[in-house]
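Biologist: Hi, I'd like to walk through this structure with you. Could you pull it up so we can chat about it?

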Amino acid sequence: MSQQITTQIDVRLGNRNRQSALFRVILVLPAAIYASSFANYQGRDWFLAGLLILPAGLALLVRGVYPSYVLTLNKSLLALNTRIAAYLFVLTDEYPSIESNEKIGVEFPEINGGQSLNRGLWLVKWLLAIPLYIVGSVYIIYALMLSIVAWITVVFTGTYPEWCIYGVIGTIAFWNRVYGYAVVLVTDEYPTFSL
């Protein structure tokens, strides 16, 4: 059984909201600003907004446990960021809710209070993840191209092309796995490079 973060996004192909898709980049700004309000470093990267990295790492190093309140906050913020990304990339017409959504979900692996995690590995995970960042950058470009095609298709026809779904959702899921390994520190299992 994989110890990776899993991402689930349900996409409706037909009968899409053409008007909201047309202005999606503008409409997503309030949600992105809300997510970045959790940042403790002036919101330079809104997709990582507010994730608690240092408290989790220090608790793992010193006590050998992952604090449950940090885990809950990180899971909620990563799920929020995933809902925002799904809305921005035209996967859903539903505005990103600040509460959980049954159509868009992020599941963390079971970490047994942190005792299954290596106490010191978090100090070098960011370095070990450099190949993942490089591959992920290529995936982002791929997802952006697919999203532009999907955006044009939704605006003009009201349907989302099925062949675009897997690349866009795969990219979001890939980055969630990378964040789970190198940033949120919920797994020691190295993420796969596949979408």
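Biologist: Let's start with charges and rings: which ring does R24 lie over?
Modeller: First, a quick note that this is a predicted model. R24 sits over the face of Y87, at 4.0 Å from the ring centre.

Biologist: And what about K125, which ring face does that one lie over?
Modeller: For K125 it is the face of Y181, and the distance from the ring centre is 5.1 Å.

Biologist: Which residue forms an aromatic pair with Y181? We can come back to the overall count of pairs.
Modeller: Let me give you the count before the partner. There are seven aromatic pairs in the structure. One of them joins W175 and Y179, with ring centres 5.7 Å apart and planes at 40 degrees, so this pair is tilted. As for Y181, its partner is Y190, and that pair is edge-to-face, with 5.3 Å centre to centre and 75 degrees between the planes.

Biologist: Are Y181 and Y190 buried or exposed?
Modeller: Y181 is buried, at a relative accessible area of 3%. Y190 counts as partly exposed because its relative accessibility is 32%, and the cut-off for buried is under 20%.

Biologist: Back to W175 and Y179, then. Where do they lie?
Modeller: Both are in helix α8, which covers residues 162-183. They are four residues apart there, about one turn of the helix.

Biologist: Buried or exposed, those two?
Modeller: Buried, both W175 and Y179.

Biologist: Which residues do ring pairs link into a cluster?
Modeller: The cluster is made of Y133, Y139, F174, W175 and Y179, linked by ring pairs.

Biologist: Nice. Changing topic to helix packing: at what angle do α7 and α8 cross?
Modeller: Roughly 150 degrees, and the axes of α7 (residues 130-157) and α8 come within 9 Å. That angle makes α7 roughly antiparallel to α8, because angles over 145 degrees fall in that class.

Biologist: Left-handed or right-handed crossing?
Modeller: Left-handed, as α7 passes α8. The residues of that contact divide into 17 nonpolar, five polar and no charged.

Biologist: How do α5 and α8 pack?
Modeller: Their axes are 11 Å apart and the angle is about 160 degrees. That makes α5 roughly antiparallel to α8. The crossing of α5 past α8 is right-handed.

Biologist: And at what angle do α3 and α5 pack?
Modeller: Helix α3 (residues 29-36) packs with helix α5 (residues 68-88) at about 160 degrees, and their axes are 10 Å apart. So α3 is roughly antiparallel to α5. The crossing of α3 and α5 is left-handed.

Biologist: I'm curious about A86. Which helix is it found in?
Modeller: A86 belongs to helix α5. A86 is buried, with a relative accessible area of 0%. Its C-alpha atom is separated by 10 Å from that of V28, and the two residues are 58 apart along the chain.

Biologist: What about L127, where is that found?
Modeller: In helix α6, residues 122-128. L127 counts as partly exposed at 45% relative accessibility.

Biologist: What separates the C-alpha atoms of L127 and A182?
Modeller: A distance of 8.5 Å, for two residues that are 55 apart along the chain.

Biologist: Last topic, backbone angles. What is phi of N15?
Modeller: Phi of N15 is positive, about 55 degrees, although N15 is not a glycine. The residue sits in the loop between β1 (6-9) and α1 (18-22).

Biologist: Is N15 buried or exposed, and why?
Modeller: N15 counts as exposed because its relative accessibility is 68%, and the cut-off for exposed is over 50%.

Biologist: And what is phi of V90?
Modeller: V90 has a positive phi too, near 65 degrees, and V90 is a residue other than glycine. You'll find V90 in the loop between α5 and β2 (104-107).

Biologist: Buried or exposed, that V90?
Modeller: Buried, at 2% relative accessibility.

Biologist: Great, thanks for going through this with me!
Modeller: Happy to help, any time.

Key. Residues are numbered from 1 along each chain as its sequence is written. This is a predicted model: local features need pLDDT of at least 70, side-chain atom pairs count only at pLDDT 80 or more; totals for chains, interfaces and linings use all residues. Side-chain values use heavy atoms; hydrogens and water are left out. Rings of Phe, Tyr and Trp (its six-membered ring) pair if their centres lie within 6.5 Å; planes under 30 degrees apart count as stacked, over 60 as edge-to-face and the rest as tilted. Helices (H or I, at least four residues) and strands (E, at least two) are DSSP runs, numbered from the N terminus. Buried means under 20% relative accessible area, exposed over 50%, partly exposed in between (1.4 Å probe, protein chains only). A charge sits over a ring if NZ of Lys or CZ of Arg is within 6 Å of the ring centre and within 35 degrees of the ring normal. Axes are lines fitted to C-alpha atoms, for helices over the stretch in contact, and angles run from 0 to 180 degrees between N-to-C directions. Angles under 35 degrees count as roughly parallel, over 145 as roughly antiparallel, 65 to 115 as roughly perpendicular and the rest as oblique. A crossing is left-handed if the near helix is turned anticlockwise from the far one by less than a right angle, and right-handed if clockwise. Ala, Val, Leu, Ile, Met, Phe, Trp, Tyr, Cys and Pro count as nonpolar, Asp, Glu, Lys and Arg as charged, and the others, Gly among them, as polar.
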